[in-house]
Structures are given as C-alpha cells and as structure tokens.
Amino acid sequence: MVSISNLNEIATRSGGMIISATSVAPPALKEIAVRSSNGRGTIIILNASKLSFSDCKEIATMGGGNVIFDFSK
C-alpha cells in the first residue's frame, strides 16, 4: 500500500489519483488536495458520502477546483 507521504509527493508532482474516503482520513485528504492544487493534478475521492459536509467543503476549497467527489455509492 502507498503511504500518505507517497500520495502527497505524487500530488505535488502533478500526478492525478483516485482515492477512497474509506481508506484515507479527512486530514490527509485535505493535505493531498492542497498539494494537488499546487501541483495542478486532479484527485477523485470515491465514497465521498462517508465524509462530513464540512470536510467536503474544506477539501474542495483547499483543492482549488482540482477535486472531484464521487457520491454515487
């Protein structure tokens, strides 16, 4: 499994990724979103319905338009 620090580095280097909200805690998702925004990568968060509305707002803001939430499941 890839560590959170590995995901942060990938995001910093403009790597797009798909992450499950059931596998990564909200604080880590926020950090990845910031790094993704700075690196101009996009992240897709699966199982976004597991997150609170407040977490979604913060992640969206920190991601600067580079976050896609999948609420389909």
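Helix 3 has its buried residues covered by several neighbours, including helix 2 (26-39), strand 2 (43-46) and strand 3 (67-69). This is a predicted model, and helix 3, which spans residues 53-63, makes a good starting point for a tour. From there we can visit one residue of strand 2, two loop residues and then the protein chain as a whole.

**Helix 3 and its two sides**

- Four residues of helix 3 are buried: Asp55, Cys56, Ile59 and Gly63.
- Why do these buried residues line one face of the helix? Viewed down the axis of helix 3, they fall within an arc of 100°, so they share that face.
- A general rule helps here: an α-helix has 3.6 residues a turn, so residues three or four places apart point the same way.
- Turned away from the buried side is a face that carries the exposed residues Phe53 and Thr61.
- Just after helix 3 comes Gly64, with a positive phi near 55°.

**A closer look at Asp55**

- Asp55 belongs to helix 3.
- Is Asp55 buried or exposed? Its relative accessible area is 15%, and buried means under 20%, so Asp55 counts as buried.
- Leaving aside residues up to four places away in sequence, Asp55 touches Pro26 and Lys30.

**Ile44 in strand 2**

- Ile44 has its place in strand 2.
- With 26% relative accessibility, Ile44 counts as partly exposed.
- Which residues does Ile44 touch, not counting those up to four places away in sequence? They are Met17, Ile18, Ile19 and Ile68.
- Ile44 and Phe69 are 25 residues apart in sequence, while their C-alpha atoms are 5.9 Å apart in space.

**Two loop residues with positive phi**

- Ser14 is not a glycine, although it has a positive phi of about 70°.
- You can find Ser14 in the loop between helix 1 (4-12) and strand 1 (17-20).
- Ser14 counts as partly exposed, at 42% relative accessibility.
- Asn47 is not a glycine either, and its phi is positive at about 55°.
- The loop that holds Asn47 runs between strand 2 and helix 3.
- Asn47 has a relative accessible area of 21%, and is therefore partly exposed.

**The protein chain as a whole**

- How many helices and strands does the protein chain have? There are 3 helices and 3 strands, and reading along the sequence gives the pattern α-β-α-β-α-β.
- For 73 residues, a compact globule would have a radius of gyration near 11 Å, and the protein chain agrees with this, at 11 Å.
- The C-alpha trace spans about 30 × 25 × 20 Å along its principal axes.
- Of the 73 residues in the protein chain, 37% are buried.
- Among contacts with a separation of 6 or more, 61% come from residues 24 or more positions apart.

**Surface and charge**

- The protein chain has an accessible surface of about 4200 Å², and carbon and sulfur atoms account for 55% of that surface.
- Its side chains include 7 positive and 5 negative ones, with the centres of the two sets 3 Å apart.

Methods
Residues numbered from 1 in each chain as written. Predicted model: local features only at pLDDT ≥ 70, side-chain atom pairs only at ≥ 80, totals over all residues. Heavy atoms only, no water. Buried < 20%, exposed > 50% of the residue type's maximum accessible area, 1.4 Å probe, protein only. Arc of directions from axis to C-beta. Contact = heavy atoms within 4.5 Å. Rg over C-alpha atoms; globule rule 2.2 N^0.38 Å. Areas by Shrake-Rupley, 256 points an atom, 1.4 Å probe, with all protein chains shown as cover. Lys, Arg positive; Asp, Glu negative; His and termini not counted. Charge placed at Lys NZ, Arg CZ, Asp CG, Glu CD.
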